[in-house]
Amino acid sequence: MDNQKEVRGHLDKSRVKGNIEFSHVKFGYNDDRLIIKDFSAKAKKGQKIASVNEVSLYRLKKSNPNIDMDKPIPEGTVVRIPERYVVASGSVRSFEDVVNTTGVDRHYINDILICIEGRHQKPDLVCKSDGVKSKEYPNGCPTIGFGHTGRVDGQIIRNGRTRISEAKAYELLAQDILDAKLDAIEYMGKDLFNRAPKSVQTGIIDVVFNKGVEPFIRKGSPTTLLKSDLERRDYAAAAAHTALKTGNRGLKKRNVYRVILSTENLNQKERNRTLVLAKSTYVDALIRFPAKKGTNDRTRMQRAWLNAQKGITHGFFE
């Protein structure tokens, strides 16, 4: 990921230079640094800086270990903005462009990011809630395209008001994958991440794409075991531990597909061990989806699980 030739998009530093005014926050940039010049009391936290600069709070904290990003930041403080790969506007317009730009497995992009985030192949061109309630978003998080959150072209997305083209949806998808990949490598460490099978890397990327780095440090979550799995080169366990701890039935379903897809580059013995370790994840998801006539979520998951036992780890929605 530190080799820019891996992506067709380019690092567009014009996106992070110059003076920007947002709400009561004013920033002055000096290359990849910003100097806190004026803050309202409410905005003196790292999350606001991360949002405005479209980087994750996790990487912002890692780039500024001596600054408490959860507390007011004194005026005059110099904050280093972590570099990110920015997909050039208009350079990604289709599924194939996303595959070529990100270097991520095409089955993952199609079977999970497009089919699940895009509600079966169609991106949301108008912003709407994802239906997953949280303390920050009691009515669900605003999303657009293939599950994109936050901002589009620097502007915060708003339900029913933000609209994009289909080409823009693919561009945002590529950007989100690259951002998730950077965070995953930052947390796991480049050596641990790179020596893991590509399908396990993919599962880790999807955890970050879906919920950020937080699941890796949340007590009681299977994902907290992932780093030690990589250290022990226990990739069957790592694939099983890509399952998020969640009460949301849609995310439970996604857990099943993520675990299966994570086994794609494992041998059958390892894959079978993953399925044994992740059996509770599978059963937990099935419980939330009652049987219905015809093809439905339950029968798709059952078919995917049986196919995985035969070595077929993708094509969930075909």
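This short talk covers the cysteines, one pair of helices and two loop residues of the structure above.

Please note that this is a predicted model, in which local features need pLDDT of at least 70 and side-chain atom pairs count only at pLDDT 80 or more, while totals for chains, interfaces and linings use all residues. Residues are numbered from 1 along each chain as its sequence is written, and side-chain values use heavy atoms, with hydrogens and water left out.

I begin with the cysteines. A disulfide is a covalent bond between the sulfur atoms of two cysteines. Here a disulfide is counted when a pair of cysteine sulfur atoms lies within 2.5 Å, and the count comes to zero. Why is Cys127 without such a bond? The closest cysteine sulfur, in Cys141, is 8.2 Å from the sulfur of Cys127, which is too far for a bond. Cys141 is likewise in no disulfide, and its nearest cysteine sulfur is that of Cys127. Both residues are buried, a term that means under 20% relative accessible area, with exposed over 50% and partly exposed in between (1.4 Å probe, protein chains only): Cys127 has 3% relative accessibility, and Cys141 has 13%.

Cys141 leads us to Val132, since contact means heavy atoms within 4.5 Å, and Val132 touches Cys141 as well as Tyr137, Gly140, Lys211 and Asn248, not counting residues up to four places away in sequence. Val132 lies in the loop between strand 5 (124–129) and strand 6 (142–145). Helices (H or I, at least four residues) and strands (E, at least two) are DSSP runs, numbered from the N terminus. Is Val132 buried or exposed? At 19% relative accessibility, Val132 counts as buried. Its C-alpha atom is separated by 9.7 Å from that of Arg249, 117 residues apart along the chain.

A second loop residue is Thr263, placed between helix 10 (249–262) and helix 11 (268–277). Thr263 is buried, with a relative accessible area of 0%. Its contacts, not counting residues up to four places away in sequence, are Ser199, Ala239, Arg271, Thr274 and Thr313.

Finally, I turn to helix 12 (residues 279–287) and helix 13 (residues 297–309), whose axes come within 9 Å and cross at roughly 160°. Axes are lines fitted to C-alpha atoms, for helices over the stretch in contact, and angles run from 0 to 180 degrees between N-to-C directions. The two helices are therefore roughly antiparallel, as angles over 145 degrees count as such, under 35 as roughly parallel, 65 to 115 as roughly perpendicular and the rest as oblique.
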